[in-house]
Amino acid sequence: MKKILAAINIFLLAGLACMAQVNAELDRMITGHHEVAGLTVCPYELNPAFGDFTDTKAPKGYKPVYISHYGRHGSRSSWDRETYGKLISILEQAKEAGVLSASGDSLLHETRLILEATAGMDGRLTYRGQREHRGIASRMYRRYRGVFRNGSRYVRVLSSEVPRCLVSMAAFTGELSRLDPSLSFNMDCGSEIQKMVDNGASNEANTIRRTVLDSLRSAMDPDLEPMMKRLFTDTDAAEKIVDSPLYLSRYIYYTARIAPSFDFDFDTYRFLDDELICLWSEHTNLSIYLGQCNSELLGDDRMPRTEPMIGNIVAFADEALAIGNVAADLRFGHDYPLLALCSRIGLEGVGERYSVDEARRNFITTLYSPFAGNLQMIFYKGRKSSDPVLVKFLVNEKESSIPALESVEGPYYEWDKVKEHLQSTKISK
């Protein structure tokens, strides 16, 4: 408890209780592209960085020989049925009272469609989620065809036990098999694998995070009048139905976030002004960074929890490189371990050790862990056996870098030096 109070005191003394928008780049992206506000529930292709599949030419004589991959499950239904129910109840009461506007009626209709699409199954992979993984698999195979055709035809696959991850795995490996029927797969899941691909912060760290976020939320004071006038024909009468206009805006935000997962073509965010969309997005964005990345406040708690995954990646890669018996290792899990893994490696944009205020201003979750977010490590060997093994990191299929580590050339790093880097930055609890 002393640690919690100390953290909150530091936070308040820094003058951060004011919740005005501060992340200018995130706000800019949202204003032009509302789906970015979904953060970890933004569909993969709607990630604003999607489509940059440029490959920097490898150093002379080097060819890709092995891929190590971690993929988050694809687009899914949500756990917000209670939120949908609250929103529907408010809007239905307003309609019965004769104060629901045409816009409010459209919101009611869309919310009912989203609830219906959920079909009573929380966290279910949608058709869009399956397409996302088939697309990633197809691009991986075509981009690094030689890994699968010139070396081993054997692919190891590990998955979370959660159905949305298993179906993601099936979509991904099914596409690889369709492209190359000669590939063979060894698939596995279980309790120990589950711990590796589905972990988060400690209870104490989550308590600190929630207290910080509660402090920010209590200071929120946005202009809610435009939203109320948009949804209701008589705002005075509506206020007797709506207990908290602020929380009504939150219900709409959480409803709007998940609609693209079902391929709906309507923009439920449109019922909120951009100020409100950005407000809730920044709030959620900070929560995700503090809970899963290497923050000054909580990183020392979160980063050690990545060690099982780091150990698995290193051991499997060293074996595959030494023996040449595996073309790729594929892992399918969840968003929090993906963020923590990229942060632990120190990849640009997600590995920075920010203060709370710096995180509010600089971090953008959508770029690193949308639905079907992934980390691919592409390993290269030279012509000579004495040539060092090189590795390149792709975050959501886009080349990334480790600012703390000098590369050989462009985004290519010596594998042995990457391992040294991981050892030197290892955090012990």
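How many aromatic pairs does the count come to? The count comes to 15 aromatic pairs in this predicted model, and two of the close-ups below pick from them.

**View 1. Phe 264 and Phe 266 make a stacked aromatic pair.** Their ring centres sit 4.8 Å apart, with 15° between the planes. The two partners fall on either side of the burial cut-off: Phe 266 counts as buried because its relative accessible area, 18%, is under 20%, whereas Phe 264, at 23%, is partly exposed.

**View 2. Tyr 289 and Tyr 354 form a tilted aromatic pair.** Here the distance is 5.7 Å centre to centre, and the planes are 45° apart. This one ties together distant parts of the chain: Tyr 289 belongs to helix H13, Tyr 354 to the loop between H16 and H17, and 65 residues separate them. Both rings are tucked away, with Tyr 289 buried at 1% relative accessible area and Tyr 354 buried at 15%. Zoom out a little and Phe 363 and Tyr 368 join these two tyrosines in one aromatic cluster.

**View 3. Thr 365 sits in the loop between helix H17 (356-362) and strand E5 (374-381).** Loop or not, Thr 365 is buried, and its relative accessible area is 0%. Leaving out neighbours within four places in sequence, Thr 365 is in contact with Leu 39, Thr 40, Asn 285 and Ile 288.

**View 4. Phe 232 is one of the best-connected members of the largest nonpolar core.** That core has 91 residues, and Phe 232, Leu 248, Leu 375 and Phe 393 touch the most other members. Helix H13 (residues 274-292) supplies the largest share, 9 residues. Setting aside residues up to four places away in sequence, Phe 232 touches Leu 91, Ala 94, Val 99, Leu 100, Ser 101, Ala 238, Val 242 and Leu 248. A second, separate core holds 28 residues, among them Ile 67, Phe 148, Leu 183 and Leu 330.

**View 5. Helix H16 (residues 335-345) is mostly covered.** Of its 11 residues, 10 are buried. The buried set takes in nonpolar residues, including Leu 338, Leu 339 and Ile 345, but also Asp 335, Ser 343 and Arg 344. Right after H16 comes Gly 346, with a positive phi near 90°.

**View 6. Arg 156 lies over the face of Phe 316.** The distance to the ring centre is 4.1 Å.

Definitions and conventions
Residues numbered from 1 in each chain as written. Predicted model: local features only at pLDDT ≥ 70, side-chain atom pairs only at ≥ 80, totals over all residues. Heavy atoms only, no water. Helix = DSSP H or I, 4+ residues; strand = E, 2+ residues; numbered from the N terminus. Buried < 20%, exposed > 50% of the residue type's maximum accessible area, 1.4 Å probe, protein only. Contact = heavy atoms within 4.5 Å. Core = buried A, V, L, I, M, F, W, Y, C linked by side-chain atoms within 4.5 Å. Phe/Tyr/Trp six-rings, centres within 6.5 Å; stacked < 30°, edge-to-face > 60°. Lys NZ or Arg CZ within 6 Å of the ring centre and 35° of its normal.
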